[in-house]
Amino acid sequence: MSDSFDLQHVNVKFFVKDAGAINLEDAINVFHAWIQEQKLDDLLIDVADYRHVPSGPGVILVGHNAQYSFDNAESNLGILYNRKTPVEAKGAANVQKAIERALEICRHLVADDAFRGKLEFVTDRLQIMINDRLIGVNDQASFERLLPDLTAALVSVFGEQDYSFERASDSRKRLTVSVDAPQGIAI
Amino acid sequence: MKASNPHWRERVVEQMSSQLTEELDQFETEITLKKQGKLDDRVFAETRLRRGAYGQRYDNGRRNDGIKTQKLEFPCGTLTKGPDTAWDAPGMLRIKIPYGGLNARQLEVLGELAEEYSDGIAHVTTRQCIQLHFIHIDDAPTIMRRLAAVGITTREACGNSVRNVTACPFSGICSDEAFDVTPYAHALTYHLLGHPDCQNFGRKFKPAFSGCKDQPCGLVKMHDVGYIATTREVDGKVQRGFEMYVGGGLGAVPRQAKLLSEFVSEEEILPLTQAVARVFGRLGEKKNRGKARIKFLVDKLGIEEFSRLVFEERSIMEPEASWTSYLDELDIKDEKPLRDAGSDLAGNDDPEFAKWCETNIYQQKQEGFVAVILSLPLGDITADQLRSLSDIARKYTNETIRTTVEQNIILRWVSKADVAAVYSDLKAAELVIPGAGTIVDVTSCPGTDTCKLGISSSRGLAAQLRERLAEKSVHMDQAIKDLVIKVSGCFNSCGGHHVADLGFYGVSRSINKHSIPHFQVVLGGQWSHNAGAYGLPMGAIPSKRIPETVDRLTQAFLDKKEKDESFKDFVGRIGKAEIKGLIQDLTQVPTYEEDRSYYSDWSDPREYTKDDIGIGECAGEVVTAFTFDLTSAERMLFEAQLKLEKDDSQGAAIQAFDAMVTATRGLLRLKVPNVGKDTETLVQQFRTEYFDTELFFDPYAGGKFGQYFLDAAASQGGSVDKDSAHRQIEEASLFVEACHACSGRMSEQPTAG
């Protein structure tokens, strides 16, 4: 990928294995506690509760640089890292940072008393989105330009394996790529 | 930290009107000037408010986390976007949707913006607007450009301006209406948008249209200015017009609007509104924001005197083409069905379908067509749902979509033959929540979720009530189903609690040094008859006991109501004392040690506090038109300098002169009512009012700076080189400074008496 295709606003979602085991009210409590502790390396500002919206954003921890949420889009509960501000890194390094940040959130949540033993993740699939339709048009050309950086980032974080990729078909959506990792990813 | 991609301008500029392109470039320049410290906080605050960029809770950089008030160390440091408002703090963007009208592409763009800049949700407000939350101010120009590219403006969505013109969402398809008010609401919107007569208000100004008198849809009587469609026969011809009302409003001091005229013809509706705006701008309160809405002016003068002043003003107004030009194209807002009319709604075996049809289908006056009501929980809709809805709107209709003041969306002109298929498609998008317009369909303002003024969690309570009432709705008596519940986070009534059968607004109480969120119970308001009556407060109940309060009150209504008695009449008949007796025990709060849940609000585990309440921006900043003009003049000087840097001497000189003209207009506002835009007239007025009288003369430089302006006016059109452009910018700068100084001297002069 060339430098001109400057990836920004990379989103990463890891899917929850058993959504039924998760009570999103716990997420509200945990996120408020994180604000009290300023637990993340970001200015944590507020919690937004969208549990009433079907297949919606769920519960969001709003930070200055990113939003961190129990996202329920497409009725598929997961932990979504949604980068808002630009980052210094470009290309694969930027994707890698986003994946690592999302993993960090997942690990914090798994370790929290509220979710211990309940929160598990799907280990053979994740989703990457480019949250700016001008940077990442959802078409085949952009998808193909993204793949080398995406693959390099995945290899850096999870190691070599036979990743496969599928782009969201609706061209109006953000450039969204579902990643299958047949040998599994460690969360 | 700029989050948005600056290249969006290039992408969408071709699709924007030249006026919006210019306005948004100016706004971006104002952002640059603010960052350079060249724009006053108050002026920038009102500037961004008039562009729809609103503050949000915690933007003063402080937030109580339940234990202590934390300082939010935004990276912007001391940079602010208004008094005590951190630059980097997330804010809200209010998007005006005149009469709630939307098309499919607009839905898609709203979804895109919600995903890319907000939290994935577009929120329908109680005045048919759309709001995006958690927006960074640096992203605002890009968002506004992307909206402008699909014909949407955020201009004057907030601040002391003419707000969104609302209208009955069933206009044009309603059996009860005198006629379709849509083209009139459209015409009024664009006539008043940015109109010079609407730039000097002390507070906001909200218009509303209704097609008939008895139904609630327009809520005319709670608006600053309202119009109810009516007709009369003159010489055998039917003439269209409006009953026109002024001075309504909710808030802490609610007022029913008063009749200004029983019949205002369609030719007169725009100029007469403009006359109202002029009187409000000239005589309305400017200093005390709590008394600055037009309702207070009507109170103070009395409706007779207010009317006299309005009609007197109308008589001296110079005609404007737009007053009546729209009448030649009243049909531009006409809607046509995409598909043939159908005869019945059958065709779906889903047992939920029939239940949904009972409440979410509206029979149009046009045979064979219905409007489908999408009940949105708390007015929230996701980006995915917006895309699905845009597909459905294209597939079954000519994209005839409206938002409603009940925070729902209506899809009009659905053939009855397609209803079952539309239901299936909406179901796939999870947009078939039944109970639209019933007690389940609770509306709420943002409250403590995002509003700086919120006292209690209105959305938290509304969500709780929705969930409980939806469970009970299967076995609910129709009399209960028909009740209306509205919740506001504070007394300002953005949730419209005054006009509900059961209204609630946030208050707090303290016991043993602990604060407890409460809601004041307001009963007996009237949603029908255009919000024909306001409810009365019955007492404050702890927030966590409001669901039980609703149960008690609805049960009492069911048990004791007389045949066909409305809830309002029931409350009036049995009296406040008995009602209060019904809920008196619910006012009790367990001690902190007994039950701490009462000391937190809905969906918020933090121990409740009022520490987070900030200074609201509903009232905007009272910035005079003079200050706005002088600020614009300074911005123009900045732009002139940029042009000179790019060797555009001609453009720089023109811009410098325009800065002088704009400053002159501001100065003239201090002496001349209703200042126009014609440059020649402004130059002449400046000479007469300020130069010949020596009022403009500097104690040391005399008339030198004024002469710069007169000379520049006389030499317009001549050749310009880099040196002369440079000189003109310098002279213009000195002239603008002299305007400031002149205004200062005038304000220091003792007034008579």
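The legends below describe close-up views of a predicted model with chains A and B.

**Figure 1. Domain assignment of chain B.** Five domains are assigned in chain B: domain 1 (8–148), domain 2 (174–333), domain 3 (351–428), domain 4 (443–607) and domain 5 (625–748). Taken over C-alpha atoms, the centres of domain 2 of chain B and domain 3 of chain B are separated by 31 Å.

**Figure 2. The open sheet of strands 18 to 22 in chain B.** The 5 strands of this open sheet in chain B follow the order 18-19-20-21-22, and their pairing is mixed. Strand 18 (443–444) and strand 22 (536–542) of chain B each have a single partner strand, so these edge strands are left without a neighbour in the sheet on one side. Within the sheet, strand 20 (residues 502–511) and strand 21 (residues 514–523) of chain B are antiparallel and pair over 10 bridges. Across this pairing, B:Ser508 stands opposite B:Pro517, which belongs to strand 21 of chain B.

**Figure 3. Helices packed on the sheet of strands 18 to 22 in chain B.** Helix 14 (residues 458–472) of chain B lies across strand 18, strand 19 (485–488), strand 20 and strand 21 of chain B. The angle between helix 14 and strand 19 of chain B is about 155°. Helix 17 (residues 546–560) of chain B also packs on the sheet, where it touches strand 20, strand 21 and strand 22 of chain B. The direction of helix 17 makes about 135° with that of strand 20 of chain B.

**Figure 4. The open sheet of strands 8 to 12 in chain B.** This open sheet of chain B has 5 strands in the order 8-9-10-11-12, with mixed pairing. Its edges are formed by strand 8 (166–167) and strand 12 (258–265) of chain B, each of which pairs on one side only. Strand 8 and strand 9 (residues 207–210) of chain B run parallel and are paired over 2 bridges. In this pair, B:Ala167 stands opposite B:Phe209 of strand 9 of chain B.

**Figure 5. Strand 3 of chain A and its partners.** Strand 3 (residues 58–63) of chain A is mostly covered, with 6 of its 6 residues buried. Strand 2 (residues 44–50) of chain A runs antiparallel to strand 3 of chain A, and 6 bridges join the two. Here A:Asp46 has A:Val62 of strand 3 as its bridge partner. Strand 4 (residues 66–71) of chain A is likewise antiparallel to strand 3 of chain A, to which 4 bridges join it. A:Ile60 stands opposite A:Ser69 in strand 4 of chain A, and a hairpin through 2 residues connects strand 3 to strand 4 of chain A.

**Figure 6. Nonpolar cores.** The largest nonpolar core has 228 residues, of which A:Ala102 and B:Val414 touch the most other members. Leaving aside residues up to four places away in sequence, B:Val414 touches B:Phe369, B:Val370, B:Ala371, B:Val372, B:Tyr396, B:Thr397, B:Val419 and B:Val422. A second, separate core comprises 34 residues, including B:Ala659, B:Val661, B:Phe735 and B:Cys739.

**Figure 7. The side of chain B that touches chain A.** Contacts between the chains involve 36 residues of chain B and 33 residues of chain A. Among the elements giving two or more residues to this side of chain B are helix 1 (8–12), strand 15 (380–382), helix 12 (383–396), helix 14 and strand 24 (604–607) of chain B. Helix 4 (104–117) of chain B gives the most, with 4 residues. By class, this side of chain B has 15 nonpolar, 6 polar and 15 charged residues.

Definitions and conventions
Residues are numbered from 1 along each chain as its sequence is written. Chains are lettered from A and ligands numbered from 1 in the order in which they are written. This is a predicted model: local features need pLDDT of at least 70, side-chain atom pairs count only at pLDDT 80 or more; totals for chains, interfaces and linings use all residues. Two strands pair if DSSP finds at least two bridges between them. Two residues are in contact if their C-beta atoms, placed from the backbone, lie within 7 Å. Axes are lines fitted to C-alpha atoms, for helices over the stretch in contact, and angles run from 0 to 180 degrees between N-to-C directions. Domain bounds come from an automatic or database domain assignment. A nonpolar core is a set of buried Ala, Val, Leu, Ile, Met, Phe, Trp, Tyr and Cys residues joined through C-beta atoms within 7 Å. A residue is buried if 20 or more other C-beta atoms lie within 10 Å of its own, exposed if 12 or fewer, and partly exposed in between; C-beta atoms are placed from the backbone. Ala, Val, Leu, Ile, Met, Phe, Trp, Tyr, Cys and Pro count as nonpolar, Asp, Glu, Lys and Arg as charged, and the others, Gly among them, as polar.
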